[in-house]
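I opened this model to look up its cysteines, its strand pairing and its nonpolar cores. My entries are below, in the order I made them.

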Amino acid sequence: MSINKQNIVKLAKSGALSEAELSKAFSSTTSSDVSIEDWGVCYSSNTGQLSEYCSVVANDSNDPITGIGMLAYSSNGSILYCAQYTNGFESQNIATSVGTNQFNPQDGNSILCIVYGWTANSSFYFSQTITIASCD
């Protein structure tokens, strides 16, 4: 599958693109063009809100970030809890987050987190299972 920005974003945001399919779409991606910093997940038992957050930093000042998406799945990738995508900018450093009330604490203490997107010259894809901390 070739990386077609509009199709990937549309399918991911609608929940019609599984984690495995998304990973395959970015299989030829070079993720060395950006770095992920302060990546984490927390859950507030007071509000019932699950939040995933991070900062994405372009490693080359001549190759700024132009679009970024974030997804949160159950740890086995079977349930999509939330998705977001933002584009239309050129930046060296972007702080991003996504939140949902769809998460059920009985689903476990970790989630599969994905950050993907594009720079002016390439695309990137990162996935990591992260243990959920308390936001309270």
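These entries go from the overall layout to the cysteines, then to the strands and the cores.

**Entry 1: layout**

I note at the start that this is a predicted model. I counted two helices and eight strands in the protein. Reading along the sequence, I wrote the order down as α-α-β-β-β-β-β-β-β-β. The protein has 136 residues, and 48% of them are buried. For the accessible surface I noted about 6800 Å², with 42% of that belonging to carbon and sulfur atoms. I also looked up the contacts with a separation of 6 or more: 63% of them are between residues 24 or more positions apart.

**Entry 2: the disulfide**

How many disulfides does the structure hold? I found one. It joins Cys42 to Cys135, with an S to S distance of 1.9 Å. The two cysteines are 93 residues apart and the pair links distant parts of the chain: Cys42 sits in strand E1 (residues 34-44), while Cys135 lies in the segment after strand E8 (133-134). The angle about the S-S bond is 95°, and the link is right-handed.

I then checked the cover on each end. Cys42 has 13% relative accessibility and therefore counts as buried, the cut-off being under 20%. Cys135 has 33%, so this end counts as partly exposed.

**Entry 3: cysteines without a disulfide**

Cys54 is in no disulfide; its nearest cysteine sulfur is that of Cys113, 8.9 Å away. Cys54 counts as buried because its relative accessibility is 3%. Cys82 is in no disulfide either, and here too the nearest cysteine sulfur belongs to Cys113, at 8.6 Å. At 10% relative accessibility, Cys82 also counts as buried. A disulfide needs the two sulfur atoms within 2.5 Å, so I did not pair Cys54 with Cys113 at 8.9 Å.

**Entry 4: strand E1 and its partners**

I went back to E1, the strand that carries Cys42. E1 and strand E2 (residues 49-58) run antiparallel and are joined by nine bridges. As one example, Glu37 has Ser55 as its bridge partner in E2. The hairpin of E1 and E2 has four residues between the strands, and Gly48 there takes a positive phi near 75°.

Which way do E1 and E8 run, parallel or antiparallel? They run parallel, with two bridges between them. Cys42 takes part in this pairing, with Ala133 of E8 as its bridge partner. I noted that Cys42 is thus recorded twice: in the disulfide with Cys135 and in the bridge to Ala133.

**Entry 5: nonpolar cores**

The largest nonpolar core has 24 residues. Inside it, the residues with the most contacts are Trp39, Leu50, Val56, Ile111, Val115 and Phe124. The elements giving two or more residues to this core are E1, E2, strand E3 (65-74), strand E4 (80-91), strand E5 (93-100), strand E6 (110-119) and strand E7 (123-131).

I picked Ile111 for a closer look. Leaving out residues up to four places away in sequence, Ile111 touches a list of residues that includes Val41, Leu50, Ala72, Tyr81, Phe103, Gln128 and Ile130.

Another core lies apart from the largest one. This second core has 13 residues, among them Phe26, Leu71, Tyr73 and Tyr116. Tyr73 is also one of the residues that Ile111 touches.

How values were computed:
Residues numbered from 1 in each chain as written. Predicted model: local features only at pLDDT ≥ 70, side-chain atom pairs only at ≥ 80, totals over all residues. Heavy atoms only, no water. Buried < 20%, exposed > 50% of the residue type's maximum accessible area, 1.4 Å probe, protein only. Contact = heavy atoms within 4.5 Å. Areas by Shrake-Rupley, 256 points an atom, 1.4 Å probe, with all protein chains shown as cover. Pairing = 2+ DSSP bridges. Core = buried A, V, L, I, M, F, W, Y, C linked by side-chain atoms within 4.5 Å.
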